[in-house]
Amino acid sequence: MMMKVTEKKEVSIIIPVYNAEKYLSRCIESIVGQDYTDLQIIVVDDGSTDNSLEVVQDFQDDRLQVFSIANGGVSNARNFGLSKATGYYVMFVDADDWLNPNVIGTLISAEQHYGYDLILGNYSRDTEYSKSKQVSTISFKDLTKDETYRQVINPYGFYGSVWAKIFKLDIIKDNNLKFNNNITVGEDLLFVYQYLNFVKTVAYTDARLYNYYINKKSVLNSLDTDTLYHRLDILKVYETMFQQKNIQKQSYYTRAVAIYVRELTDWYCYAVHFKQKKLSASLKEKIKKYWAIFMKDDTFSAKNKLAAFLKYHFPALVYKLKG
């Protein structure tokens, strides 16, 4: 389904940047080359120590707005970007990722025809550089709020991320939505989850509109004792969800608990390996609290549940065999 944009409305695109000089040109080129041109491209350099800032400044485009701030993390950088945003719509793009050519115009046209408050797109995973691909046929599926929560709270993929989505700025600002500066992993899932509390209509397209670059050196692909505690922030995301009023009555509650418990067993295994006794005891107690719900829920297969069982009861052995 290809539709035309009926009214030009500005899209604010927020790009947090930290030491991304190797990837940044491709990211920005994929945005400035979009067929939809009414853009405010906000680049927030989060205290980079490489040449990222120089890479951005080499672009000659009046739509680019470049800000340099002291290093405060991706949540702080995105919040700064939101404070500068003036568009009707908002999109987020990570500095090492890139968009396919007709993404923005396609999403805007769908929103204008159907009035969606949020559109979720699909994505491709890439470990090497590859060319952007024009998406010729795109269809959209209306999602109920329940379907959307289950799509976002999803153990198979990055559907809780803020990229590959288009938001409305007035919903964000009217409800004072911000990224949590105290959470360094999963902060985007929490933001999307909180945004969903204020939307009425949502759509999803399975078309791969966004290219997610798998950086093997990123924080998500490295782990030691120092980074372990930062990575545990993903648990705070679910614990924040569980504090919501009447959360246990929501149809997605047991799904969220199941994902939470699987995360707990993973990190419990690492905590035991790194001899973090206090942390290990805390994680084990949390697993015990939610274990029955995890076992009854159908989010994970019997094989995955067995793996979680082994990590729960034999963490040192599982880590040794895995290593």
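Select Lys168 and Asp117 first: both residues are buried, where buried means under 20% relative accessible area, exposed means over 50%, and partly exposed lies in between (1.4 Å probe, protein chains only). The model on display is predicted, so local features need pLDDT of at least 70, side-chain atom pairs count only at pLDDT 80 or more, and totals for chains, interfaces and linings use all residues. Residues are numbered from 1 along each chain as its sequence is written, and side-chain values use heavy atoms, with hydrogens and water left out.

**Stop 1: Lys168 and Asp117**

What joins Lys168 to Asp117? The two form a salt bridge, and their closest N and O atoms are 3.3 Å apart. A salt bridge is defined here as a side-chain nitrogen of Lys or Arg within 4 Å of a carboxyl oxygen of Asp or Glu. This pair links distant parts of the chain, 51 residues apart: Lys168 is in strand β8 (residues 165–168), and Asp117 is in the loop between α4 (103–114) and β6 (118–126). The element names follow DSSP runs, numbered from the N terminus: helices are H or I runs of at least four residues, and strands are E runs of at least two.

**Stop 2: Arg78 and Asp94**

The structure holds eight salt bridges. For another of them, select Asp94 and Arg78, whose closest N and O atoms are 3.0 Å apart. Asp94 lies in the loop between β4 (89–92) and β5 (98–99), while Arg78 lies in helix α3 (residues 74–84), so the pair ties together parts that are 16 residues apart in sequence. Is Arg78 buried or exposed? Arg78 counts as buried, because its relative accessibility is 2%. Asp94 is also buried, with a relative accessible area of 17%.

**Stop 3: Asp266 and Lys311**

Next, select Asp266 and Lys311, which form a salt bridge with the closest N and O atoms 2.5 Å apart. Asp266 belongs to helix α10 (residues 253–273) and Lys311 to helix α12, so this bridge ties together parts that are 45 residues apart in sequence. Asp266 is partly exposed, at 23% relative accessible area, whereas Lys311 counts as buried at 18% relative accessibility. Before moving on, return to Arg78 and Asp94 and add Glu187: salt bridges that share partners join these three residues into one network.

**Stop 4: the nonpolar patch**

Show the surface and select Leu306, Phe309, Leu310, Phe314, Leu317 and Leu321. Together these residues form a nonpolar patch with about 580 Å² of accessible area. Which elements give two or more residues to the nonpolar patch? They are α12 (302–313) and α13 (315–322). Helix α12 gives the most, with three residues. Leu317 has its place in helix α13 and is partly exposed, with a relative accessible area of 47%.

Patches are made of residues with over 30% relative accessible area and no salt bridge; like charges are joined within 9 Å, and nonpolar side chains (Val, Leu, Ile, Met, Phe, Trp, Tyr) within 5 Å. Accessible areas come from the Shrake-Rupley method with a 1.4 Å probe, and for residues only the protein chains shown count as cover.

**Stop 5: helices α7 and α9**

Select residues 187–196, which make up helix α7, and residues 233–242, which make up helix α9. The two helices pack at an angle of about 20°, with their axes 8 Å apart. That makes α7 roughly parallel to α9, a label for angles under 35 degrees (over 145 is roughly antiparallel, 65 to 115 roughly perpendicular, and the rest oblique). Axes are lines fitted to C-alpha atoms, for helices over the stretch in contact, and angles run from 0 to 180 degrees between N-to-C directions.

**Stop 6: contacts across the sequence**

Select Trp98, which is found in strand β5. Trp98 counts as buried, because its relative accessibility is 0%. Now add Asn211: the C-alpha atoms of Trp98 and Asn211 are 5.3 Å apart in space, although the residues are 113 apart in sequence.

Turn next to Lys8, in the segment before β1 (11–17). Lys8 counts as partly exposed at 49% relative accessibility. Lys8 and Ile108 are separated by 100 residues in sequence and by 8.9 Å in space, C-alpha to C-alpha.

**Stop 7: Asn19 and Asn246**

Finally, select Asn19, in the loop between β1 and α1 (24–32). Phi of Asn19 is near 50°, a positive value in a residue other than glycine. Asn246, in the loop between α9 and α10, likewise has a positive phi, near 60°. Asn246 is partly exposed, with a relative accessible area of 41%.
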